[in-house]
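Here is a short briefing on one protein model. Points are grouped by topic.

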Amino acid sequence: MTTPDTSGRRVLVLAHTGREEARDVARQFCESLHRHGLAVRLLKDEAADLDLDLAGVETVEPLPDAAEGCELAVVIGGDGTILRAAELTRETGTPVLGVNLGHVGFLAEAEHDDVEFTIDAIVRRRYTSEERLTLDVAVYRDKELVATTWALNEASVEKAARQRMLEVVVEVDGRPLSRWGCDGVVCATPTGSTAYNFSAGGPIVWPAVEALLMVPISAHALFARPMVVAPTSVLAVEVLARTEGAGVLWADGRRSFDLPVSGWRGAAERRRSRGNGNGNGEPTSGNDVGNNGAGSGTGDAGGGEHA
């Protein structure tokens with residue numbers, strides 16, 4: 001059996017170091033990778049938690065370029081840890097291999113009790129990389145772009161106060177589709193179909209299927225059903241001015257943006273106002289114009305690796 005050349009190869013190891021089990025498995029991975037001649041890179045705070053006695057371990061800050069030069073990022077933890085890893089690897093396009101320590105682990109490809117098998121697959125490059133669809137997300141107010149982000153699982157527009165409801169108009173590719181009083185709306189990728197989308201009653205979509213999902217959350221309507229649309233579609237969730245309270249946009253449940261509704265008006269509402277306006281095509285109301293929406297885009301962050 002030939003010994004693979006591991007010179008110059010490095011792996012970023014990320015772990016949920018708040019859990020003892022994750023620390024133990026991370027130490028196993030680091031020691032085994034080091035023993036096989038692969039360079040190991042850790043985040044500085046995680047390196048301190050692991051307290052490894054290994055020579056030549058690289059440490060970096062948790063920045064978007066943390067995985068620069070690494071052929072793989074091994075992530076030890078649950079789906080939340082893998083989503084955090086996706087933030088650190090998206091810019092460099094580094095593949096992510098999840099080692100499941102969570103309760104379900106939909107995003108993980110390996111189990112923690114298969115450490116040596118997984119290490120052997122990494123050393124011998126016996127793994128393949130899958131690209132996963134991601135969402136490009138934009139927030140507008142008064143026709144002005146006020147925030148952008150992205151999501152691997154989903155972008156959700158939700159009510160900020162439990163006792164309030166959001167009044168929204170949802171659109172697909174600029175066409176008004178429906179109007180709901182609801183707790184929120186989830187716009188998900190196939191990767192995220194087993195996450196918030198699933199909990200809200202949406203379908204499970206195999207990751208290889210190119211599609212986007214729009215699912216209402218507790219909608220007060222007879223015909224509020226999940227929708228599956230093209231991966232190139234632009235999904236818009238527009239908060240109407242009559243909503244009492246505020247909304248919030250969440251990306252993967254990790255990054256949030258407040259959506260104050262004072263002075264907001266959905267696109268469909270604006271069109272109706274123009275039809276009953278003051279004769280010059282402008283709405284008679286003094287409300288400002290605004291919308292928020294999640295648009296689709298493709299990317300390679302967060303793809304699980306088969307080992």
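**Helix 1 and its surroundings**

The buried residues of helix 1 are covered by elements that include strand 1 (10-15), strand 2 (39-43), helix 2 (44-50), strand 4 (72-77), strand 5 (96-100) and helix 4. The model is predicted. The points below take up helix 1, helix 4, the nonpolar cores, one strand residue and the largest pocket.

- Helix 1 covers residues 20-35, 16 residues in total.
- From first C-alpha to last, helix 1 reaches 23 Å, close to the 22 Å expected at 1.5 Å a residue.
- Its buried residues are Ala22, Val25, Ala26, Phe29, Cys30, Ser32 and Leu33.
- Gly37 follows helix 1 and has a positive phi, near 90°.

**Helix 4**

- Helix 4, one of the elements covering the buried residues of helix 1, runs over residues 115-123.
- Buried in helix 4 are Val115, Thr118, Ile119, Ala121, Ile122 and Val123.
- After helix 4 comes Arg125, whose phi is also positive, near 55°.

**Nonpolar cores**

- The largest nonpolar core has 27 residues.
- Val168, Trp180, Val185, Met214 and Val237 touch the most other members of that core.
- Apart from the largest core lies another, of 26 residues, with Ala22, Leu33, Leu97 and Leu101 among them.
- Two of these, Ala22 and Leu33, are buried residues of helix 1.
- Trp180, in the largest core, has contacts beyond four places in sequence that include Leu166, Glu167, Val168, Val170 and Val185.
- Further along the chain, Trp180 is in contact with Pro216, Ala219, Ala221, Phe223, Ala224 and Met227.

**Ala188 in strand 13**

- Strand 13 spans residues 184-188 and holds Ala188.
- Is Ala188 buried or exposed? Ala188 counts as buried because its relative accessible area is 0%, and the cut-off for buried is under 20%.
- Not counting residues up to four places away in sequence, Ala188 touches Leu135, Asn153, Glu154, Asn197, Leu212 and Leu213.
- Ala188 and Leu133 are 55 residues apart in sequence, with their C-alpha atoms 9.8 Å apart in space.

**Largest pocket**

- The largest pocket holds about 280 Å³ of space.
- Its lining has 15 residues, and the closest to the pocket centre are Phe106, Arg132, Thr194, Trp206 and Pro207.
- By class, eight lining residues are nonpolar, four are polar and three are charged.

Key
Residues numbered from 1 in each chain as written. Predicted model: local features only at pLDDT ≥ 70, side-chain atom pairs only at ≥ 80, totals over all residues. Heavy atoms only, no water. Buried < 20%, exposed > 50% of the residue type's maximum accessible area, 1.4 Å probe, protein only. Helix = DSSP H or I, 4+ residues; strand = E, 2+ residues; numbered from the N terminus. 1 Å grid on protein atoms, 1.4 Å probe; cavity = no way out; pocket = protein on both sides within 12 Å on 5 of 7 lines; lining within 4 Å. Points joined across faces, edges and corners; volume = space filled by probe spheres on them. Nonpolar A, V, L, I, M, F, W, Y, C, P; charged D, E, K, R; others polar. Contact = heavy atoms within 4.5 Å. Core = buried A, V, L, I, M, F, W, Y, C linked by side-chain atoms within 4.5 Å. Expected span 1.5 Å × (residues − 1).
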